[in-house]
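Trainee: Could we walk through this one together, bit by bit?
Mentor: Sure, pull it up and fire away.

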Amino acid sequence: MEVELLETERGRIASDLHDDLGPLLSVIKMNLHLLDTKDKNDLMILGKTSTHIDHIAKRLREISNNIMPYTLQKKGLVTAITEITELLAEGNGLSIKLDNSVTDLAITKEKEIHIFRLFQEVLNNAIKHANASEIKIHLYEEKKELNILIKDNGCGFDKEKVMDQGKGLGLQNILRRAGILKGKVYLETVPGSGTEYHFRIPL
Ligand SMILES: Nc1ncnc2c1ncn2[C@@H]1O[C@H](COP(=O)(O)OP(=O)(O)OP(=O)(O)O)[C@@H](O)[C@H]1O
Ligand SMILES: [Mg+2]
């Protein structure tokens, strides 16, 4: 329940930032363009201010997307997964391949958010820790279950050790969210070889 409240609140904050402040910034920028001055100094200040506004708008989009991906709220899980996969592939110079056969999922927003967050954490971990050159993702539906496979060819890790040490909130959250979804998690990882997750989430 606590997690659900938190996500609802995150969604509200992200929407407020995106939907309320974004248009306001556009209005400010439009008003700047309406100013009619020939003064060189004024023109320079206007130019700088306009650039600052562009930066603020860009940061605003990034921050609200971080709090709650806009695409997830407006277009659903599959589009959000596709988008974040492309985004991360661009910025990290490693190959991320997505093989997806799921088109529309009839699941609640809450479920979508849990799935997205655990997907995001697995992907982030692979990028942050694995030192992999390739990540393969497979999304498919089978027997009323959503299957998500995420496999990296990186360094792997000792999962017992990591769990025993109680470190790593990320991994704990992945398991907790899978539990909330009544899903199954198969995690195969060996130090030196890669890491593979298989989630089976009832629809
Ligand atoms: N794909 C991976 N490849 C190699 N090591 C991994 C991978 N995923 C996780 N690990 C190891 O497992 C540890 C625990 O991961 P976890 O996500 O729980 O914590 P974290 O990423 O270190 O911190 P946090 O997620 O809280 O920011 C990591 O510190 C890392 O050593
Ligand atoms: Mg992590």
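**Metal site, sheet and helices**

Mentor: Let's start with Asn-125, which counts as buried at 14% relative accessibility. Keep in mind that this is a predicted model.

Trainee: Which protein donors does the magnesium ion (ligand 2) have?
Mentor: Look at helix H5, residues 109–130, where two residues sit four apart, about one turn of the helix. Each puts an oxygen 2.1 Å from the magnesium ion, OE in one case and OD1 in the other. The donors are Glu-121 and Asn-125.

Trainee: And is Glu-121 buried, partly exposed or exposed?
Mentor: Buried needs under 20% relative accessible area and exposed needs over 50%. Glu-121 comes out at 22%, so the label is partly exposed.

Trainee: Moving to the sheet, which strands stand at the edges?
Mentor: Five strands make an open sheet with mixed pairing, in the order S1-S2-S3-S5-S4. An edge strand here has a single partner strand, so one side of it is left without a neighbour in the sheet. That description fits S1 (95–100) and S4.

Trainee: Is the pairing of S1 and S2 parallel or antiparallel?
Mentor: S2 covers residues 134–142, and six bridges link it to S1. One spot to look at is Ile-96, opposite Ile-135 in S2. The sense of this pair is parallel.

Trainee: At the other end of the sheet, which residue takes a positive phi in the hairpin of S4 and S5?
Mentor: S4 (residues 184–189) and S5 (residues 195–202) pair in the antiparallel sense over six bridges, and Lys-184 stands opposite Arg-200 in S5. Five residues lie between the two strands of the hairpin. The one with a phi near 100° is Gly-192.

Trainee: How does H5 run relative to S3?
Mentor: H5 lies across S1, S2, S3 (145–152) and S5. Its angle to S3 is about 10°.

Trainee: Which side chain makes a polar contact with the side chain of Asn-147?
Mentor: Asn-147 is in strand S3 and is buried, with a relative accessible area of 2%. A polar atom of its side chain lies 3.4 Å from the backbone oxygen of Glu-145, but that is a backbone partner. The side-chain partner, at 2.8 Å, is His-198.

Trainee: Leaving aside neighbours within four places in sequence, which residues is Ala-178 in contact with?
Mentor: Ala-178 belongs to helix H7, residues 169–180, and counts as buried at 3% relative accessibility. Its C-alpha is 8.8 Å from that of Arg-200, 22 residues apart along the chain. The contacts themselves are Leu-118, Gly-183 and Val-185.

Trainee: How far does helix H2 reach from its first C-alpha to its last?
Mentor: H2 (residues 40–67) has 28 residues. At 1.5 Å a residue, 40 Å is expected. The model is close to that, at 41 Å.

Trainee: What covers the buried residues of H2?
Mentor: The buried residues are Leu-46, Ser-50, Ile-53, Leu-60, Ser-64 and Ile-67. We have already met one of the helices covering them, and another spans residues 2–34. So the cover includes H1 and H5.

Trainee: Last one: which backbone nitrogen does Asp-39 reach at the start of H2?
Mentor: The contact comes from a side-chain oxygen of Asp-39. That oxygen gets to within 3.0 Å of the backbone nitrogen of Asn-41.

Conventions:
Residues numbered from 1 in each chain as written. Chains lettered and ligands numbered in written order. Predicted model: local features only at pLDDT ≥ 70, side-chain atom pairs only at ≥ 80, totals over all residues. Heavy atoms only, no water. Pairing = 2+ DSSP bridges. Donors = N, O, S within 2.8 Å, 3.2 Å for Na, K, Ca; no water. Buried < 20%, exposed > 50% of the residue type's maximum accessible area, 1.4 Å probe, protein only. Contact = heavy atoms within 4.5 Å. Axes fitted to C-alpha atoms, helices over the stretch in contact; angles between N-to-C directions. Expected span 1.5 Å × (residues − 1). Polar contact = N/O pair within 3.5 Å; in protein donor to acceptor, adjacent residues only side chain to side chain.
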